[in-house]
Amino acid sequence: MPSRRRLLAGVGVGAVGITGSESVLDDGLRTSIGIASAAESAEVDWPMARYDAAGTGFNPDASGPKGEPRIAWEGTFDRTGGFGMGPPILADGTVYASTEELVAFDATTGDVRFSYGDAHRFSSPAHVPSSIYRTDTLAVAAPGEIVGLNAGGGLKLFGRRVGDERWKSPVGESGFDFFGPTEAPPPVTVDGTVYSVVPETSDVVALEADSGRERWRRTVEYSDIASEALRRPAVRDGTVFVTAWPHQLRAFDAETGDEEWRDELDEQMVLAPTATDGAVVVLTRSGVTTYEADGSDVRWKRDLEGNATEGAAAVADGTVFVADSNQSLHALDLETGDEEWSVSFATPTTPVVADGVVYVTNGAEIIAFDAETGDELFAYESEWTFSPPAVGDGVLYAVDGDRLLALEGSA
């Protein structure tokens, strides 16, 4: 069990360098006040939701439990509520996870390092290295804006936190959503740039990760029934892929924002894309459509007779893993769309893959399948609903109601 919240001890104001309105904090200072990095004991990162900017959900260097797991540690949240549970991320020995608060846990021990206030506004974070700060940055989406947070937590001085927020950009106007508020799509990061949907708007933006300066912004037209129609973007090989409810797929140049190509799918409920080497995979309500990455052709299309209203596909080692939200979890060949295997599974989910294992959440269960055969390896049950997981070096991390669980293989 982790220790309770370890708030940062007060230190002299002279220890913090202030440039304009932003605080510059260094790693040596973090070490001296008791929040040293534990990267040595957690060498494998999972730096954003679905692992990478392409959204593949696959880290070839990660591994998790393959047999019935046990709890390595559990960390608790002071505040929980009904705002949804984004997937945790893992970076530099720290697990960042949120319910109504965004908390940084030591990845080895589960000790709480620090937390951010008002996290119920935030999406799951994306970790991005900084070129001007001595600590890295967490990019999070919030209503009408994208926020850059200090990944080291800043300092708490005389009851006030200093240097935790680095920038806010851009500001958008919230729109009417017929379906009510939904979880903000998480940003993604590539080479010092943050790509994100601006929540409650029809805009996708590219921002400098260190300053929040807007590099480009594009508006994606869609049905005016819902204002949260844009999904998490996928970025790969210089192209940003964006989907919008109910039919749109757009491809933008990652550097300039110029539109490269677009298409309208026949199916409704176009979900978040997954970019692969030479292709982009789009889950729809009823099935899967895979395009050539340059938009020249549809590579293949499969009608799964599904009813998917959320989730996305994972891609690993030439296989697409997708749940149809009706009755099956499918493994499909990336080149042809041919089915490699399918198993009974009726819940919307976003699979993640590591070391030959597909992990999916099914309400209060985490289920592991052999990626090659579809054989079930284990089903771990809880009383709460699990978030999508992140996978580290032999450990699986998932938010479970009012706690963060670190699950490892049984000895």
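**Salt bridges, polar contacts and backbone details**

Glutamate 340 has a relative accessible area of 38%, so this residue counts as partly exposed. The model is a predicted one. Glutamate 340 sits in strand E29, which covers residues 339-344. It also belongs to a negative surface patch, where its partners are Asp317, Asp338 and Glu372. Residues with a salt bridge are left out of such patches, so none of these four acidic residues has one.

Salt bridges do turn up elsewhere. Side chains of opposite charge can pair when their charged atoms come close. How many salt bridges does a search of the whole structure find? The count is 19. One of the pairs is arginine 218 with aspartate 258, whose closest N and O atoms are 4.0 Å apart. This pair links distant parts of the chain, the two residues being 40 residues apart. Arginine 218 is in strand E17 (residues 214-219), while aspartate 258 is in the loop that runs between strand E20 (248-253) and strand E21 (259-264). Both ends have some access to the outside: arginine 218 comes out as partly exposed because its relative accessibility is 26%, and aspartate 258 is partly exposed too, at 45%.

Another bridge brings together the side chains of arginine 250 and glutamate 259, with an N to O distance of 2.7 Å. Buried or partly exposed: which label goes with arginine 250, and which with glutamate 259? Arginine 250 has a relative accessibility of 4%, so it counts as buried. Glutamate 259 has a relative accessible area of 35%, so it is partly exposed. The cut-off for buried is under 20%.

A further salt bridge pairs glutamate 267 with lysine 301, and here the closest N and O atoms are 3.2 Å apart. Glutamate 267 is in the loop between E21 and E22, whereas lysine 301 is in strand E25 (residues 298-303), so this bridge ties together parts that are 34 residues apart in sequence. The acidic partner, glutamate 267, is buried at 13% relative accessibility. Lysine 301, in turn, is partly exposed, with a value of 45%. Beyond these pairs, Glu74, Asp400 and Arg403 are joined in a network of salt bridges.

Polar contacts come next. Threonine 274 is part of strand E22 (residues 273-276). Its relative accessible area is 0%, which means that threonine 274 is buried. What does the side chain of threonine 274 make a polar contact with? The partner is the side chain of arginine 50, at 2.8 Å. Arginine 50 is itself buried, at 10% relative accessible area, and is placed in the loop between helix H1 (27-32) and strand E3 (69-76). Asparagine 150, in strand E10 (residues 145-150), is also a buried residue, with 0% relative accessibility. The side chains of asparagine 150 and arginine 166 are joined by a polar contact of 3.4 Å.

Some C-alpha separations add to the picture around strand E10. Asparagine 150 and valine 162 are 12 residues apart along the sequence, and their C-alpha atoms lie 9.9 Å apart. Glycine 152 is in the loop between E10 and strand E11 (155-157) and is buried at 2% relative accessibility. Where alanine 104 is concerned, the C-alpha to C-alpha distance from glycine 152 is 8.8 Å, with the two positions 48 residues apart along the chain.

The backbone has a few oddities as well. Most residues other than glycine have a negative phi, and most peptide bonds are trans. Against that background, tryptophan 245 and proline 246 are joined by a cis peptide bond, with omega at about 5 degrees. Proline 246 is in the loop between strand E19 (239-244) and E20. Arginine 50, the polar partner of threonine 274, has a positive phi, near 65 degrees. Phi of serine 325 is likewise positive and near 65 degrees. Serine 325 is in the loop between strand E27 (319-323) and strand E28 (328-333), and counts as buried because its relative accessible area is 10%.

Key
Residues are numbered from 1 along each chain as its sequence is written. This is a predicted model: local features need pLDDT of at least 70, side-chain atom pairs count only at pLDDT 80 or more; totals for chains, interfaces and linings use all residues. Side-chain values use heavy atoms; hydrogens and water are left out. Patches are made of residues with over 30% relative accessible area and no salt bridge: like charges are joined within 9 Å, nonpolar side chains (Val, Leu, Ile, Met, Phe, Trp, Tyr) within 5 Å. Accessible areas come from the Shrake-Rupley method with a 1.4 Å probe; for residues, only the protein chains shown count as cover. Lys and Arg count as positive and Asp and Glu as negative; His and the chain ends are not counted. The place of a charge is taken as NZ of Lys, CZ of Arg, CG of Asp or CD of Glu. Helices (H or I, at least four residues) and strands (E, at least two) are DSSP runs, numbered from the N terminus. Buried means under 20% relative accessible area, exposed over 50%, partly exposed in between (1.4 Å probe, protein chains only). A polar contact is a pair of N or O atoms within 3.5 Å; within protein, one must be able to donate a hydrogen and the other to accept it, and residues adjacent in sequence count only if both atoms are side-chain atoms.
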